[in-house]
Amino acid sequence: MAEDKKSILVVEDEAQISRFLQLELEHENYTCTICADGREALSTALDNEFDLIILDVMLPSLNGIEVLRRLRQVKQTPVIILTARDQVVDKVTGLDIGANDYMTKPFAIEELLARIRLHTKKKMSRANDLVCGKLSVNPDARVASYDGKNIDLTKKEFDLLLYLMQHRNIVVSREKLLDEVWGFDFYGSTNVVDVYVRYLRSKIDSVYKVEIIETVRGTGYVIR
């Protein structure tokens, strides 16, 4: 069976650029929808599911920054801002309100296509996320995040968090965690598990004011 085509919304009011992008994207086997107006683009993005949005900033009726701001209240579709505005403040503003990437005109189509591949691949990989409330762990990308913000973890911290997430609602003993995360040939004390749980709590619980890893006295730990 042929792989489903990925769909891209191009929001660009310069007809020559939008036509160029459409031809290049369709040549690369994407489906392409074109919008030249900010309000129309927002409505189209909210009413349909796209794999990625290419968004200009200077648009009629509603500028691209406002389109992105309103979109992010509802959806997390990957967005690449593509604009002639190259000031640092413009880039920072776009990224701060939720853009995934930022390119300035004139641009090389090869670079844009590479960035599209990168962000659509990331979107696909999120299908394997393990989720508990606002905590999300992706075993393939080895990325953990809380409320959309990445958590900087060491390899062993991630391995411990991943194992607990894979066994949500199951109380896991320190001995089991030591065997599964550190390995049967590890000769250290089970206290190392407690130490790494404290590390995780300092990076998640303390930062976000939540209780992710619960201690079950005399038994072990659990994520519910």
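In this predicted model, helices (H or I, at least four residues) and strands (E, at least two) are DSSP runs, numbered from the N terminus.

**Exercise 1. Find the place of Pro106 and describe the peptide bond that leads to it.**

Solution. Begin with the elements on either side: Pro106 belongs to the loop between β5 (101-104) and α5 (109-125). Then turn to the bond itself, which runs from Lys105 to Pro106 and is cis, with omega near -5 degrees.

**Exercise 2. Work out whether helix α6 (residues 155-166) has the span expected of its 12 residues, and decide how far the helix is covered.**

Solution. The expected span is 1.5 Å times one less than the number of residues, and for the 12 residues of α6 this gives 16 Å, which agrees with end C-alpha atoms that are 16 Å apart. As to cover, 9 of the 12 residues of α6 are buried, so that the helix is mostly covered; among these buried residues are Phe158, Asp159, Leu162 and Leu164.

Take two of them in turn. Asp159 has a relative accessible area of 15%, and because buried means under 20%, Asp159 counts as buried. Leaving aside residues up to four places away in sequence, Asp159 touches Arg142 and Val181. Leu164, also in α6, is buried at 1% relative accessibility, and with the same neighbours in sequence left out, Leu164 touches Val172, Leu177, Ile213, Tyr221 and Ile223.

**Exercise 3. Give the strand order of the open sheet that contains β10, β11 and β12, and explain which strands stand at its edges.**

Solution. The sheet has 3 strands in the order β10-β12-β11, and their pairing is antiparallel. Since β10 (172-173) and β11 (213-216) each have a single partner strand, they stand at the edges, and one side of each is left without a neighbour in the sheet. Looking at one pair, β10 and β12 (residues 220-223) are joined in the antiparallel sense over 2 bridges, and Val172 has Tyr221 of β12 as its bridge partner. Helix α8 (residues 191-203) packs on this sheet, where it touches β11 and β12, and its direction makes about 145 degrees with that of β11.

**Exercise 4. Classify the packing of α8 against α6 and against α7, and name the classes of residue in each contact.**

Solution. Two packed helices are described by the angle between their axes and the distance between the axes. For α6 and α8 the angle is about 90 degrees and the axes are 10 Å apart; the two helices are therefore roughly perpendicular to each other. Leu160 and Leu161 are among the residues that α6 brings to the contact, while α8 brings residues including Tyr196 and Leu200. By class, the contact of α6 with α8 holds 7 nonpolar, no polar and 3 charged residues.

For helix α7 (residues 174-182) and α8, the axes come within 9 Å and cross at roughly 80 degrees, which makes α7 roughly perpendicular to α8. Here the contact is made by Arg174, Leu177, Leu178 and Trp182 of α7 with Val192, Val193, Asp194 and Tyr196 of α8, and these divide into 6 nonpolar, no polar and 2 charged residues.

**Exercise 5. Describe the phi angle and the exposure of Ser61 and of Lys209.**

Solution. Ser61, in the loop between β3 (52-55) and α3 (64-71), has a positive phi of about 70 degrees although it is not a glycine, and at 44% relative accessibility Ser61 is partly exposed. Lys209, in the loop between α9 (205-208) and β11, has a positive phi of about 60 degrees and is not a glycine; at 72% relative accessibility, Lys209 counts as exposed.

Definitions and conventions. Residues numbered from 1 in each chain as written. Predicted model: local features only at pLDDT ≥ 70, side-chain atom pairs only at ≥ 80, totals over all residues. Heavy atoms only, no water. Pairing = 2+ DSSP bridges. Contact = heavy atoms within 4.5 Å. Axes fitted to C-alpha atoms, helices over the stretch in contact; angles between N-to-C directions. Buried < 20%, exposed > 50% of the residue type's maximum accessible area, 1.4 Å probe, protein only. Parallel < 35°, antiparallel > 145°, perpendicular 65-115°, else oblique. Nonpolar A, V, L, I, M, F, W, Y, C, P; charged D, E, K, R; others polar.
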